[in-house]
Amino acid sequence: MTTHQNGTISIEISDFLLNCFVRSPSWQLSFSLPLSLLFLLAMGANGVLLITIWLEASLHEPMYYLLSILSLLDIVLCLTVIPKVLTIFWFDLKSINFYACFIQMYIMNCFLAMESCIFMVMAYDRYVAICHPLRYPSIITEQFVVKAAIFILARNAISTVPIPILSSRLHYCGGNVIENCICANMSVSKLSCDDVTINRLYQFAGGWTLLGSDLILIFLSYSLILRAVLRLKAEGAMAKALSTCGSHFILILFFSTILLVFVLTHVAKKKVSPDVPVLLNVLHHVIPAALNPIVYGVRTHEIKQGIQRLLNKG
(Lines give C-alpha, C1' and ligand atoms only; values in the text may rest on other atoms or scores of the structure.)
Protein backbone atom coordinates (compact mmCIF):
# COMPACT_ATOMS: atom_id res chain seq x y z
CA MET A 1 0.00 0.00 0.00
CA THR A 2 1.42 3.42 -0.99
CA THR A 3 0.24 6.93 -0.01
CA HIS A 4 0.83 9.64 -2.64
CA GLN A 5 1.33 13.38 -2.23
CA ASN A 6 -2.27 14.09 -3.25
CA GLY A 7 -3.51 11.88 -0.41
CA THR A 8 -4.65 8.95 -2.56
CA ILE A 9 -3.74 5.46 -1.50
CA SER A 10 -2.75 2.95 -4.16
CA ILE A 11 -2.97 -0.76 -3.40
CA GLU A 12 -0.54 -3.10 -5.11
CA ILE A 13 -2.68 -5.02 -7.59
CA SER A 14 -1.53 -8.54 -8.54
CA ASP A 15 -4.34 -9.18 -11.01
CA PHE A 16 -7.27 -7.58 -12.82
CA LEU A 17 -10.81 -8.83 -13.39
CA LEU A 18 -12.13 -8.68 -16.96
CA ASN A 19 -15.83 -7.87 -16.64
CA CYS A 20 -17.33 -8.54 -20.09
CA PHE A 21 -20.66 -7.03 -21.17
CA VAL A 22 -21.56 -5.42 -17.83
CA ARG A 23 -24.85 -3.98 -19.13
CA SER A 24 -25.74 -6.92 -21.37
CA PRO A 25 -24.71 -10.11 -19.49
CA SER A 26 -27.06 -12.22 -21.66
CA TRP A 27 -24.76 -11.49 -24.62
CA GLN A 28 -22.06 -13.75 -23.17
CA LEU A 29 -23.79 -17.08 -23.73
CA SER A 30 -25.38 -16.16 -27.09
CA PHE A 31 -22.07 -14.71 -28.34
CA SER A 32 -19.85 -17.58 -27.17
CA LEU A 33 -20.96 -20.10 -29.84
CA PRO A 34 -20.40 -17.90 -32.95
CA LEU A 35 -17.16 -16.60 -31.40
CA SER A 36 -15.81 -20.12 -30.81
CA LEU A 37 -16.79 -21.13 -34.37
CA LEU A 38 -15.05 -18.04 -35.79
CA PHE A 39 -11.98 -18.86 -33.68
CA LEU A 40 -11.84 -22.46 -34.94
CA LEU A 41 -12.38 -21.24 -38.51
CA ALA A 42 -9.56 -18.68 -38.16
CA MET A 43 -7.13 -21.25 -36.71
CA GLY A 44 -8.06 -23.96 -39.24
CA ALA A 45 -8.13 -21.76 -42.35
CA ASN A 46 -4.85 -19.98 -41.54
CA GLY A 47 -3.23 -23.30 -40.62
CA VAL A 48 -4.27 -24.87 -43.95
CA LEU A 49 -3.06 -21.80 -45.86
CA LEU A 50 0.36 -21.81 -44.13
CA ILE A 51 0.83 -25.57 -44.68
CA THR A 52 -0.20 -25.26 -48.36
CA ILE A 53 2.24 -22.40 -49.02
CA TRP A 54 5.01 -24.22 -47.14
CA LEU A 55 4.59 -27.57 -48.92
CA GLU A 56 3.72 -26.37 -52.44
CA ALA A 57 6.88 -25.35 -54.34
CA SER A 58 4.79 -23.41 -56.90
CA LEU A 59 3.67 -21.05 -54.10
CA HIS A 60 7.22 -20.18 -53.01
CA GLU A 61 6.89 -16.64 -54.36
CA PRO A 62 7.06 -13.22 -52.63
CA MET A 63 3.28 -12.60 -52.84
CA TYR A 64 2.55 -15.84 -50.96
CA TYR A 65 5.31 -15.20 -48.43
CA LEU A 66 3.59 -11.90 -47.58
CA LEU A 67 0.31 -13.78 -47.24
CA SER A 68 2.05 -16.25 -44.88
CA ILE A 69 3.17 -13.36 -42.67
CA LEU A 70 -0.43 -12.08 -42.58
CA SER A 71 -1.67 -15.55 -41.54
CA LEU A 72 0.93 -15.78 -38.76
CA LEU A 73 -0.11 -12.35 -37.43
CA ASP A 74 -3.77 -13.42 -37.49
CA ILE A 75 -3.03 -16.63 -35.58
CA VAL A 76 -1.06 -14.80 -32.85
CA LEU A 77 -3.77 -12.11 -32.48
CA CYS A 78 -6.52 -14.74 -32.17
CA LEU A 79 -4.58 -16.81 -29.62
CA THR A 80 -3.80 -13.69 -27.57
CA VAL A 81 -7.44 -12.62 -27.24
CA ILE A 82 -10.10 -15.25 -28.02
CA PRO A 83 -9.20 -18.20 -25.67
CA LYS A 84 -9.24 -15.83 -22.66
CA VAL A 85 -12.59 -14.32 -23.74
CA LEU A 86 -14.10 -17.82 -24.11
CA THR A 87 -12.86 -18.89 -20.65
CA ILE A 88 -14.62 -15.82 -19.23
CA PHE A 89 -17.85 -16.71 -21.05
CA TRP A 90 -17.83 -20.43 -20.24
CA PHE A 91 -16.09 -20.73 -16.85
CA ASP A 92 -16.35 -17.18 -15.46
CA LEU A 93 -12.54 -17.06 -15.13
CA LYS A 94 -12.32 -13.26 -15.18
CA SER A 95 -8.96 -12.93 -13.43
CA ILE A 96 -5.86 -12.01 -15.45
CA ASN A 97 -2.39 -11.51 -13.97
CA PHE A 98 -1.17 -7.88 -13.75
CA TYR A 99 1.80 -8.50 -16.08
CA ALA A 100 -0.13 -10.87 -18.37
CA CYS A 101 -2.62 -8.03 -18.92
CA PHE A 102 0.09 -5.66 -20.15
CA ILE A 103 1.68 -8.37 -22.31
CA GLN A 104 -1.74 -8.91 -23.93
CA MET A 105 -2.07 -5.13 -24.39
CA TYR A 106 1.33 -4.96 -26.11
CA ILE A 107 0.69 -7.92 -28.45
CA MET A 108 -2.73 -6.54 -29.48
CA ASN A 109 -1.39 -3.07 -30.29
CA CYS A 110 1.82 -4.33 -31.91
CA PHE A 111 0.27 -7.06 -34.07
CA LEU A 112 -2.70 -4.95 -35.24
CA ALA A 113 -0.19 -2.28 -36.34
CA MET A 114 1.90 -5.00 -38.06
CA GLU A 115 -1.21 -6.27 -39.85
CA SER A 116 -1.92 -2.77 -41.14
CA CYS A 117 1.70 -2.53 -42.29
CA ILE A 118 1.62 -5.88 -44.15
CA PHE A 119 -1.50 -4.68 -46.02
CA MET A 120 0.49 -1.61 -47.08
CA VAL A 121 3.39 -3.80 -48.33
CA MET A 122 0.93 -6.08 -50.15
CA ALA A 123 -0.65 -3.02 -51.80
CA TYR A 124 2.81 -1.98 -53.04
CA ASP A 125 3.34 -5.54 -54.33
CA ARG A 126 0.08 -5.30 -56.36
CA TYR A 127 1.04 -1.80 -57.58
CA VAL A 128 4.37 -3.08 -58.98
CA ALA A 129 2.67 -6.19 -60.47
CA ILE A 130 0.13 -4.12 -62.43
CA CYS A 131 1.87 -0.81 -63.09
CA HIS A 132 5.41 -2.17 -63.71
CA PRO A 133 4.89 -5.86 -64.66
CA LEU A 134 8.22 -6.20 -66.52
CA ARG A 135 10.18 -4.93 -63.51
CA TYR A 136 8.17 -6.98 -60.98
CA PRO A 137 10.60 -9.98 -60.76
CA SER A 138 13.56 -7.65 -60.14
CA ILE A 139 11.76 -5.44 -57.55
CA ILE A 140 9.61 -7.91 -55.57
CA THR A 141 12.22 -10.51 -54.66
CA GLU A 142 12.75 -12.77 -51.64
CA GLN A 143 15.23 -10.17 -50.33
CA PHE A 144 12.47 -7.56 -50.60
CA VAL A 145 10.16 -9.77 -48.47
CA VAL A 146 12.91 -10.24 -45.83
CA LYS A 147 13.57 -6.47 -45.69
CA ALA A 148 9.81 -5.75 -45.54
CA ALA A 149 9.38 -8.26 -42.68
CA ILE A 150 12.26 -6.66 -40.72
CA PHE A 151 10.77 -3.19 -41.30
CA ILE A 152 7.28 -4.34 -40.21
CA LEU A 153 8.64 -5.97 -37.05
CA ALA A 154 11.01 -3.14 -36.09
CA ARG A 155 8.62 -0.23 -36.78
CA ASN A 156 5.69 -1.65 -34.88
CA ALA A 157 7.51 -3.48 -32.10
CA ILE A 158 9.37 -0.30 -31.11
CA SER A 159 6.58 2.25 -31.63
CA THR A 160 3.99 0.31 -29.56
CA VAL A 161 6.28 -0.46 -26.57
CA PRO A 162 5.41 2.80 -24.71
CA ILE A 163 1.67 1.88 -24.59
CA PRO A 164 1.91 -0.97 -22.02
CA ILE A 165 4.90 0.67 -20.26
CA LEU A 166 2.96 3.91 -19.65
CA SER A 167 -0.06 1.96 -18.39
CA SER A 168 1.91 -0.42 -16.15
CA ARG A 169 3.70 2.49 -14.45
CA LEU A 170 0.43 4.09 -13.35
CA HIS A 171 -0.72 3.82 -9.71
CA TYR A 172 -3.93 1.84 -9.33
CA CYS A 173 -6.15 2.88 -6.44
CA GLY A 174 -7.63 -0.44 -5.42
CA GLY A 175 -10.11 -0.84 -8.29
CA ASN A 176 -9.13 -3.80 -10.45
CA VAL A 177 -12.31 -4.49 -12.47
CA ILE A 178 -11.76 -3.76 -16.18
CA GLU A 179 -15.05 -3.16 -17.99
CA ASN A 180 -13.89 -4.98 -21.10
CA CYS A 181 -13.21 -8.54 -22.35
CA ILE A 182 -9.58 -7.65 -23.10
CA CYS A 183 -6.82 -5.48 -21.62
CA ALA A 184 -7.41 -2.48 -23.88
CA ASN A 185 -5.14 0.43 -22.95
CA MET A 186 -7.79 2.99 -22.03
CA SER A 187 -10.03 0.45 -20.25
CA VAL A 188 -7.11 -0.42 -17.95
CA SER A 189 -5.80 3.14 -17.56
CA LYS A 190 -9.25 4.29 -16.42
CA LEU A 191 -8.71 2.40 -13.15
CA SER A 192 -5.68 4.53 -12.26
CA CYS A 193 -5.72 7.47 -9.86
CA ASP A 194 -3.03 9.20 -11.95
CA ASP A 195 -3.46 11.58 -14.87
CA VAL A 196 -3.74 9.42 -18.02
CA THR A 197 -3.53 12.27 -20.56
CA ILE A 198 -0.12 11.11 -21.85
CA ASN A 199 -1.45 7.54 -22.31
CA ARG A 200 -4.48 8.84 -24.17
CA LEU A 201 -2.43 11.15 -26.40
CA TYR A 202 0.19 8.50 -27.23
CA GLN A 203 -2.47 5.90 -28.07
CA PHE A 204 -4.30 8.41 -30.29
CA ALA A 205 -1.21 9.89 -31.97
CA GLY A 206 0.54 6.52 -32.36
CA GLY A 207 -2.55 4.78 -33.72
CA TRP A 208 -3.35 7.45 -36.28
CA THR A 209 0.31 7.87 -37.31
CA LEU A 210 0.85 4.13 -37.90
CA LEU A 211 -2.55 3.10 -39.25
CA GLY A 212 -3.19 6.46 -40.93
CA SER A 213 0.10 6.47 -42.86
CA ASP A 214 -0.50 2.86 -43.96
CA LEU A 215 -4.03 3.65 -45.17
CA ILE A 216 -2.81 6.72 -47.10
CA LEU A 217 -0.13 4.63 -48.87
CA ILE A 218 -2.67 1.84 -49.58
CA PHE A 219 -5.10 4.40 -51.03
CA LEU A 220 -2.29 5.89 -53.14
CA SER A 221 -1.27 2.43 -54.43
CA TYR A 222 -4.83 1.57 -55.43
CA SER A 223 -5.37 4.98 -57.05
CA LEU A 224 -2.32 4.34 -59.26
CA ILE A 225 -3.48 0.76 -59.93
CA LEU A 226 -6.95 2.01 -60.96
CA ARG A 227 -5.42 4.64 -63.26
CA ALA A 228 -3.18 1.98 -64.89
CA VAL A 229 -6.09 -0.49 -65.24
CA LEU A 230 -8.32 2.11 -66.96
CA ARG A 231 -5.59 2.65 -69.57
CA LEU A 232 -5.41 -1.05 -70.49
CA LYS A 233 -6.73 -1.58 -74.00
CA ALA A 234 -6.14 -5.34 -74.53
CA GLU A 235 -9.24 -7.52 -74.32
CA GLY A 236 -9.61 -9.09 -70.88
CA ALA A 237 -6.55 -7.25 -69.51
CA MET A 238 -8.63 -5.06 -67.21
CA ALA A 239 -10.50 -8.04 -65.70
CA LYS A 240 -7.24 -9.94 -65.18
CA ALA A 241 -5.54 -6.96 -63.56
CA LEU A 242 -8.47 -6.32 -61.20
CA SER A 243 -8.72 -9.99 -60.21
CA THR A 244 -5.04 -10.05 -59.18
CA CYS A 245 -5.62 -7.37 -56.54
CA GLY A 246 -9.33 -7.99 -55.82
CA SER A 247 -8.67 -10.44 -52.96
CA HIS A 248 -6.24 -8.07 -51.30
CA PHE A 249 -8.64 -5.13 -51.62
CA ILE A 250 -11.46 -7.17 -50.01
CA LEU A 251 -9.18 -7.99 -47.03
CA ILE A 252 -8.32 -4.31 -46.56
CA LEU A 253 -12.05 -3.49 -46.58
CA PHE A 254 -12.70 -6.09 -43.84
CA PHE A 255 -9.86 -4.73 -41.71
CA SER A 256 -10.69 -1.04 -42.25
CA THR A 257 -14.50 -1.36 -41.97
CA ILE A 258 -14.47 -3.03 -38.54
CA LEU A 259 -11.84 -0.52 -37.38
CA LEU A 260 -13.93 2.40 -38.68
CA VAL A 261 -17.13 1.12 -37.03
CA PHE A 262 -15.19 0.65 -33.77
CA VAL A 263 -13.91 4.26 -33.92
CA LEU A 264 -17.39 5.63 -34.79
CA THR A 265 -19.04 3.79 -31.88
CA HIS A 266 -16.42 5.27 -29.54
CA VAL A 267 -17.13 8.76 -30.91
CA ALA A 268 -20.90 8.25 -30.52
CA LYS A 269 -20.64 6.38 -27.19
CA LYS A 270 -23.50 8.37 -25.64
CA LYS A 271 -25.89 7.02 -28.30
CA VAL A 272 -24.83 3.34 -28.18
CA SER A 273 -24.46 0.84 -25.35
CA PRO A 274 -20.92 0.83 -23.86
CA ASP A 275 -20.90 -2.92 -24.54
CA VAL A 276 -21.01 -2.37 -28.34
CA PRO A 277 -17.40 -1.07 -28.62
CA VAL A 278 -16.31 -4.00 -26.41
CA LEU A 279 -18.06 -6.43 -28.77
CA LEU A 280 -16.50 -4.80 -31.86
CA ASN A 281 -13.06 -4.82 -30.21
CA VAL A 282 -13.27 -8.60 -29.72
CA LEU A 283 -14.65 -9.18 -33.24
CA HIS A 284 -11.84 -7.13 -34.79
CA HIS A 285 -9.37 -9.74 -33.51
CA VAL A 286 -11.20 -12.70 -35.08
CA ILE A 287 -13.34 -11.73 -38.11
CA PRO A 288 -10.47 -10.55 -40.40
CA ALA A 289 -8.40 -13.55 -39.22
CA ALA A 290 -11.21 -15.95 -40.19
CA LEU A 291 -11.98 -14.29 -43.53
CA ASN A 292 -8.46 -13.47 -44.83
CA PRO A 293 -7.38 -17.05 -45.77
CA ILE A 294 -10.87 -17.93 -47.07
CA VAL A 295 -10.96 -14.93 -49.43
CA TYR A 296 -7.48 -15.72 -50.75
CA GLY A 297 -8.23 -19.46 -50.92
CA VAL A 298 -11.46 -18.93 -52.87
CA ARG A 299 -10.22 -16.17 -55.18
CA THR A 300 -6.66 -17.34 -55.89
CA HIS A 301 -6.44 -20.17 -58.42
CA GLU A 302 -2.90 -21.21 -57.42
CA ILE A 303 -3.84 -21.59 -53.73
CA LYS A 304 -6.99 -23.57 -54.62
CA GLN A 305 -4.89 -25.90 -56.77
CA GLY A 306 -2.29 -26.24 -54.01
CA ILE A 307 -4.94 -27.20 -51.42
CA GLN A 308 -6.49 -29.72 -53.83
CA ARG A 309 -3.08 -31.33 -54.52
CA LEU A 310 -2.42 -31.63 -50.77
CA LEU A 311 -5.83 -33.22 -50.19
CA ASN A 312 -5.24 -35.68 -53.05
CA LYS A 313 -1.84 -36.64 -51.57
CA GLY A 314 -3.52 -37.21 -48.20
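**Entry 1: around helix H5**

I started with what covers the buried residues of H5, and the cover includes helix H2 (62–91), H3, helix H4 (136–139) and helix H8 (197–231). I'm working on a predicted model here, so I keep that in mind throughout. Which residues of H5 are buried? I noted Phe-144, Val-145, Ala-148, Ile-152, Arg-155, Asn-156 and Ala-157. H5 itself covers residues 142–159, which makes 18 residues. I checked its reach from first C-alpha to last and got 26 Å, close to the 26 Å expected at 1.5 Å a residue.

**Entry 2: the UniProt record**

Next I looked up the UniProt entry, which is unreviewed. It puts the feature "transmembrane region" at several stretches, including 144–166 and 208–230. I then compared two of them with the model. Over 144–166 I found 91% helix and 0% strand, with the end C-alpha atoms 34 Å apart. Over 208–230 I found 100% helix and 0% strand, and there the end C-alpha atoms are 32 Å apart.

**Entry 3: the little sheet**

How many strands are in the open sheet, and in what order? I see three, in the order E4-E3-E5, and the pairing is mixed. E4 (95–97) and E5 (177–178) are at the edges with a single partner strand each, so one side of each has no neighbour in the sheet.

I took the two pairings in turn. E3 and E4 are antiparallel, with three bridges, and Phe-16 sits opposite Ile-96 of E4. E3 (residues 15–18) and E5 run parallel and are joined by two bridges; Leu-18 has Ile-178 as its bridge partner in E5.

Then I followed the side chains along E3. Phe-16 and Leu-18 point to one face and are buried, while Asp-15 and Leu-17 point to the other face and are not. My textbook reminder: in a regular strand the side chains alternate between the two faces of the sheet.

Helix H3 (residues 98–131) lies across E3, E4 and E5, and I noted its angle to E4 as about 85 degrees.

**Entry 4: the nonpolar cores**

Which residues have the most contacts inside the largest nonpolar core? They are Leu-67, Phe-119 and Met-122, in a core of 44 residues. The elements giving two or more residues to this core are helix H1 (27–55), H2, H3, H5, H8, helix H9 (237–267) and helix H11 (287–299). H3 supplies the largest share, 14 residues.

I clicked on Phe-119 to see its contacts, skipping neighbours within four places in sequence. I got Leu-70, Ile-218, His-248, Leu-251, Ile-252, Phe-255 and Asn-292. There is also a second, separate core of 39 residues, and among its members are Leu-18, Met-105, Ile-163 and Tyr-172. Leu-18 was familiar, as it's one of the buried residues of E3.

**Entry 5: a loop residue**

Last, I looked at Leu-232, which is in the loop between H8 and H9. Is Leu-232 buried or partly exposed? Its relative accessibility is 34%, so it counts as partly exposed. I also checked Leu-232 against Ile-130: they are 102 residues apart along the chain, yet their C-alpha atoms are separated by 10 Å.

How values were computed. Residues numbered from 1 in each chain as written. Predicted model: local features only at pLDDT ≥ 70, side-chain atom pairs only at ≥ 80, totals over all residues. Heavy atoms only, no water. Pairing = 2+ DSSP bridges. Helix = DSSP H or I, 4+ residues; strand = E, 2+ residues; numbered from the N terminus. Contact = heavy atoms within 4.5 Å. Axes fitted to C-alpha atoms, helices over the stretch in contact; angles between N-to-C directions. Expected span 1.5 Å × (residues − 1). Buried < 20%, exposed > 50% of the residue type's maximum accessible area, 1.4 Å probe, protein only. UniProt positions renumbered as here; feature names shortened; annotations may be inferred. Core = buried A, V, L, I, M, F, W, Y, C linked by side-chain atoms within 4.5 Å.
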